[in-house]
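Welcome to this tour, and please get your viewer ready. Each stop tells you what to select next and what to look for there.

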Number of protein chains: 2
Amino acid sequence: MNQINRVVIVGGNHGNEFTGIYLVKKFHNHPDLVHRSSFETLSLLGNPKAIAARVRYVEKDLNRCFVQLRNEDKPANYEELRAREIQTILKPKVPDIEDVIIDLHTTTSNMGLCIILGNRHPVLLELAAVLSAINPLVKVYLHEQPKGSGFLRSLSDLGFALEVGPVPQSILNAELFQQTEQLIYTSLDYFENYNLGKNLLRNNTLTVYRSIGVIDYPRSENGEIQGMIHPQLQFRDYEPLHPGDPMFMTFSGEEIVYKGNDIVYPIFINEAAYYEKGIAMHISQKELIEIS
Amino acid sequence: MNQINRVVIVGGNHGNEFTGIYLVKKFHNHPDLVHRSSFETLSLLGNPKAIAARVRYVEKDLNRCFVQLRNEDKPANYEELRAREIQTILKPKVPDIEDVIIDLHTTTSNMGLCIILGNRHPVLLELAAVLSAINPLVKVYLHEQPKGSGFLRSLSDLGFALEVGPVPQSILNAELFQQTEQLIYTSLDYFENYNLGKNLLRNNTLTVYRSIGVIDYPRSENGEIQGMIHPQLQFRDYEPLHPGDPMFMTFSGEEIVYKGNDIVYPIFINEAAYYEKGIAMHISQKELIEIS
């Protein structure tokens, strides 16, 4: 089985998500914290211009720029250029052995300590089982995407995101900072043990929330939102939403209910950065996966 | 006694504080909601360019631009220009009778439903007592400032802000939206009754938190923050902070305690927009005011 040669930790893929930024700065000052014997660890700030300006991005969301490149494509803006630089850095040194990518994010949604997987690679599923076994607050969101789909994590079969919240943009919450830090150390320990052939304690059954789509806010013809997340749904990420349950409240106080036929599990409810993307929430189905 | 001729409601003085923006849009669509018989009501979007860009401000914080103008001063940027436009709109129609200004804000701090007063005008103190009597969650922050000190509310002796949180920047929280809306209607009813010579039920004693200063984050020589609000202080706005209580936590997990000699009451703890202003929190003293 292939060994892991390098783990890349990226903070500030979004410039107003402070937790990852200050964690990466901490690792730059104290590289011993993320050093492990069996692989190289590289920690990296994703979007320096956006970090300096304390905004998500300057011209285009960097975390939608990591696509399969053709040689003739020219970067159209700062983020496309920066995505290429990062892709060059992340090019595997050993052919066919991909780097682990840990992409650090925060969200205004009540997602707790969430690991977002882009695929069902057994090494990632086992990592998710290890993290869940150590901390039952850890949730797993399976947002399956092809390689080079735009997300940083999609550059590698061993890429994943840590998505922690609720925390407003542009602030630090000490408790979530420390919990995110702990998830990173546990992940590094897991990869170390994987390389050394040791097993970490883990559950054999993993609960994942598998993405099945997104739902937008009610909007007027000109795109203006006409309502808000219903108070009964706010902060209820990962909880079942039944047909007929209240979903939105219009500005005049009328309820809009969920009209689907099946129970779904909303995630990313009321994420600030998704208003402009036409996303009020992701919806998912709950799935049990056996870890062999 | 002077009557109130006009009440001006401003949303989006900061472009990423959505509650006030969508309330003002609602009032534009339904002017009857803010219409009262004895005065004119004007609702106004503060910073249209920042609202369009979903940022606090474009070039300079608009809510620091409302200063006493001299004729020879030229506006140096968009917000200084916009502040002049608003000052022209707010110029009292009847000399010596100032407009009421209700400036709508949100904060990432746990300030609940806060009315911020810039002075001790008896009409404002009585309004605060009325709002507190109706909803015990209402708090009063007395942040005394001279006229034309930069804040929108400082343009009028009858100016005040409603500061509601905690809510991240760039999102709507339906519950806080409705609570803010209710505070506006109660305020309008109060001014109506004031004009009509009627009294609204109120407390005779008002608890206010009077600003005595601000405290910055621990920082390095180059200005980089070195720590976060301590988990034991996070969300504890209006609660007493005793000498020796933990205040910050460094990125390596060390506690920094409050070294003052007196009990203070922190407010605006961990407000996102204040990182760049060098403010980790405001501190205040608790004061009881008798309303005659």
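We will begin with a whole chain and then move on to single residues.

**Stop 1: the whole of chain A**

Before selecting anything, keep in mind that this is a predicted model. Now show chain A as a cartoon: there are 5 helices and 14 strands to find. How compact is the chain? The radius of gyration of chain A is 19 Å, close to the 19 Å that the globule rule gives for 292 residues, so chain A is as compact as a globular protein of that length. Turn the view about, and you can picture a box of roughly 60 × 45 × 40 Å along the principal axes, filled by the C-alpha atoms of chain A.

Next, switch on the surface of chain A. The accessible surface comes to about 12,200 Å², and carbon and sulfur atoms account for 50% of that. Of the 292 residues in chain A, 57% are buried. You can also colour by charge: chain A carries 27 positive and 35 negative side chains, and the centres of these two sets lie 4 Å apart.

How do parts of the chain meet in space? Take the contacts in chain A between residues at least 6 apart in sequence: 72% of them join residues at least 24 apart.

**Stop 2: aromatic rings**

Show the aromatic side chains in every chain. How many aromatic pairs does a search of the whole structure find? There are 24 over all chains.

Select A:Tyr190 and A:Phe191 to see an edge-to-face pair, with 5.3 Å from centre to centre and 65 degrees between the planes. Buried or exposed? A:Tyr190 counts as buried, because its relative accessibility is 3%, and the cut-off for buried is under 20%. A:Phe191 is buried too, with a relative accessible area of 0%.

Now select A:Tyr275 together with B:Phe18. Their ring centres are 5.7 Å apart and their planes meet at 80 degrees, so this pair is edge-to-face. Where do the two partners sit? A:Tyr275 is in the loop between strand E13 (265-267) and strand E14 (281-290) of chain A, while B:Phe18 belongs to helix H1 (residues 18-29) of chain B, so the pair joins two chains. A:Tyr275 counts as buried at 3% relative accessibility, and B:Phe18 is buried at 4%.

For a bigger group of rings, select A:Phe18, A:Tyr22, A:Phe177, B:Tyr217, B:Phe248, B:Phe251 and B:Tyr275, which form one aromatic cluster.

**Stop 3: the loop between E13 and E14**

Stay with chain A and select A:Tyr274, in the loop between E13 and E14. A:Tyr274 is buried, with a relative accessible area of 8%. Which residues does A:Tyr274 touch, not counting residues up to four places away in sequence? They are A:Arg56, A:Arg64, A:Phe268, A:Ile279 and A:His282. Then try a distance: A:Tyr274 and A:Asp216 are 58 residues apart in sequence, and their C-alpha atoms are 9.2 Å apart in space.

One of the residues touching A:Tyr274 is A:Phe268, so let us select A:Phe268 next. A:Phe268 is also in the loop between E13 and E14 of chain A, and it is buried at 3% relative accessible area. Look at its backbone: phi is positive, about 55 degrees, although A:Phe268 is not a glycine. Why pause here? Because most residues other than glycine have a negative phi.

Jump across to B:Phe268, where phi is near 55 degrees, again a positive value in a residue other than glycine. B:Phe268 lies in the loop between strand E13 (265-267) and strand E14 (281-290) of chain B.

**Stop 4: a cis peptide bond**

Most peptide bonds are trans. Select A:Gly165 and A:Pro166: the bond from one to the other is cis, with omega near 10 degrees. A:Pro166 is in the loop between strand E8 (159-165) and helix H5 (174-196) of chain A. In chain B, the bond from B:Gly165 to B:Pro166 is cis as well, with omega near 10 degrees.

**Stop 5: A:Leu125**

Finish at A:Leu125, in helix H4 (residues 122-134) of chain A. A:Leu125 counts as buried at 10% relative accessibility. Leaving aside neighbours within four places in sequence, A:Leu125 is in contact with A:Leu117, A:Arg120, A:Leu206, A:Ile289 and A:Ile291. Add A:Val208 to the view: A:Leu125 and A:Val208 are 83 residues apart in sequence, yet 9.5 Å apart in space from C-alpha to C-alpha.

Note on methods. Residues numbered from 1 in each chain as written. Chains lettered and ligands numbered in written order. Predicted model: local features only at pLDDT ≥ 70, side-chain atom pairs only at ≥ 80, totals over all residues. Heavy atoms only, no water. Helix = DSSP H or I, 4+ residues; strand = E, 2+ residues; numbered from the N terminus. Rg over C-alpha atoms; globule rule 2.2 N^0.38 Å. Buried < 20%, exposed > 50% of the residue type's maximum accessible area, 1.4 Å probe, protein only. Contact = heavy atoms within 4.5 Å. Areas by Shrake-Rupley, 256 points an atom, 1.4 Å probe, with all protein chains shown as cover. Lys, Arg positive; Asp, Glu negative; His and termini not counted. Charge placed at Lys NZ, Arg CZ, Asp CG, Glu CD. Phe/Tyr/Trp six-rings, centres within 6.5 Å; stacked < 30°, edge-to-face > 60°.
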